[in-house]
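Thank you all for making time this morning. I would like to walk you through one structure, beginning with its aromatic side chains and going on to its strands and its pockets.

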Amino acid sequence: MVEIFEDNKLLRDRTIENIILQFNDEGQYTFKGTLNYKEAGNFKVKRNLLVLFNKLSNEEKKLYIDALNSKKLVLLMENTGKVRKMVFKKTFK
């Protein structure tokens with residue numbers, strides 16, 4: 001993650017570079033957040049929605065795809081009544 005906004009305000013957080021969202025060709029994802037938070041499971045894209053099914057907690061999340069190109073992915077989600085915008089830079093491994 002390279003930027004995060006809450007209600008269109010840029011949040012200053014030095015730890016966001018440690019937040020990683022990875023996808024593979026088999027429809028699986030992994031997410032590593034701050035404070036040792038982890039998710040893993042399956043994903044689907046339905047129009048402008050990214051649907052994540054976390055196998056570790058049996059929960060489904062739906063995130064709106066605000067922008068997607070060869071260099072970045074911008075996702076929107078609601079968190080405690082506020083809109084959170086997350087900007088991820090694409091990297092190859």
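Tyr37 counts as partly exposed, because its relative accessibility is 38%, and since the cut-off for buried is under 20%, Phe31 counts as buried at 18%. Please keep in mind throughout that this is a predicted model, and that the values I quote are computed from it.

How many aromatic pairs does the structure hold? There are two of them, and I will take them in turn. A pair of aromatic rings is described by the distance of the centres and the angle of the planes. In one pair, Phe23 and Phe43 meet edge-to-face, with 4.8 Å from centre to centre and 70° between the planes. Phe23 belongs to strand β3 and Phe43 to strand β5, so this pair ties together parts that lie 20 residues apart in sequence. Phe23 itself has a relative accessibility of 36%, and therefore counts as partly exposed. The other pair brings us back to Phe31 and Tyr37, which are also arranged edge-to-face, at 6.1 Å centre to centre and with 65° between the planes. One further ring deserves a mention here, namely Phe5, where Lys85 lies over the face at 5.5 Å from the ring centre.

Let me turn now to the strands. Nine strands make up an open sheet with antiparallel pairing, and their order across the sheet is β2-β1-β9-β8-β7-β6-β5-β4-β3. At the edges are β2, residues 9-10, and β3, each of which pairs on one side only.

If we follow part of that order, strand β4, residues 28-32, is joined to the antiparallel β5 by five bridges, and Lys32 stands opposite Lys38 in β5. Strand β5 runs antiparallel to β6 as well, with six bridges between them, and there Val45 stands opposite Leu50 in β6. These two strands, β5 and β6, form a hairpin with two residues between them, and Arg47 in the turn has a positive phi of about 55°. Between β6 and β7, again antiparallel, there are six bridges, with Lys62 in β7 as the bridge partner of Val51. Here the hairpin has four residues between its strands, and the turn residue with a positive phi, of about 60°, is Asn58.

That leaves the pockets. Rolling a probe the size of a water molecule over the atoms shows where empty space is left. The largest pocket has a volume of about 740 Å³, and 23 residues line it, with Leu21, Phe23, Lys89, Lys90 and Thr91 nearest its centre. Which strand gives the most to this lining? It is β3, with four residues. By class, the lining of the largest pocket divides into 14 nonpolar, three polar and six charged residues.

The second largest pocket has a volume of about 430 Å³. Its lining consists of 22 residues, and those closest to the centre are Met1, Phe31, Met77, Arg84 and Met86. At least two residues of this lining come from each of β6, β7, β8 and β9, and the lining of the second largest pocket comprises 15 nonpolar, three polar and four charged residues.

To close, I would come back to the two phenylalanines: Phe23 is among the residues nearest the centre of the largest pocket, while Phe31 is among those closest to the centre of the second largest.

Methods
Residues are numbered from 1 along each chain as its sequence is written. This is a predicted model: local features need pLDDT of at least 70, side-chain atom pairs count only at pLDDT 80 or more; totals for chains, interfaces and linings use all residues. Side-chain values use heavy atoms; hydrogens and water are left out. On a 1 Å grid over the protein atoms alone, a cavity is a set of points where a 1.4 Å probe fits but cannot get out, and a pocket is an open set with protein on both sides within 12 Å along at least five of seven lines; lining residues have an atom within 4 Å of a point. Grid points are joined across faces, edges and corners, and a volume is the space filled by probe spheres set on the points. Ala, Val, Leu, Ile, Met, Phe, Trp, Tyr, Cys and Pro count as nonpolar, Asp, Glu, Lys and Arg as charged, and the others, Gly among them, as polar. Two strands pair if DSSP finds at least two bridges between them. Rings of Phe, Tyr and Trp (its six-membered ring) pair if their centres lie within 6.5 Å; planes under 30 degrees apart count as stacked, over 60 as edge-to-face and the rest as tilted. Buried means under 20% relative accessible area, exposed over 50%, partly exposed in between (1.4 Å probe, protein chains only). A charge sits over a ring if NZ of Lys or CZ of Arg is within 6 Å of the ring centre and within 35 degrees of the ring normal.
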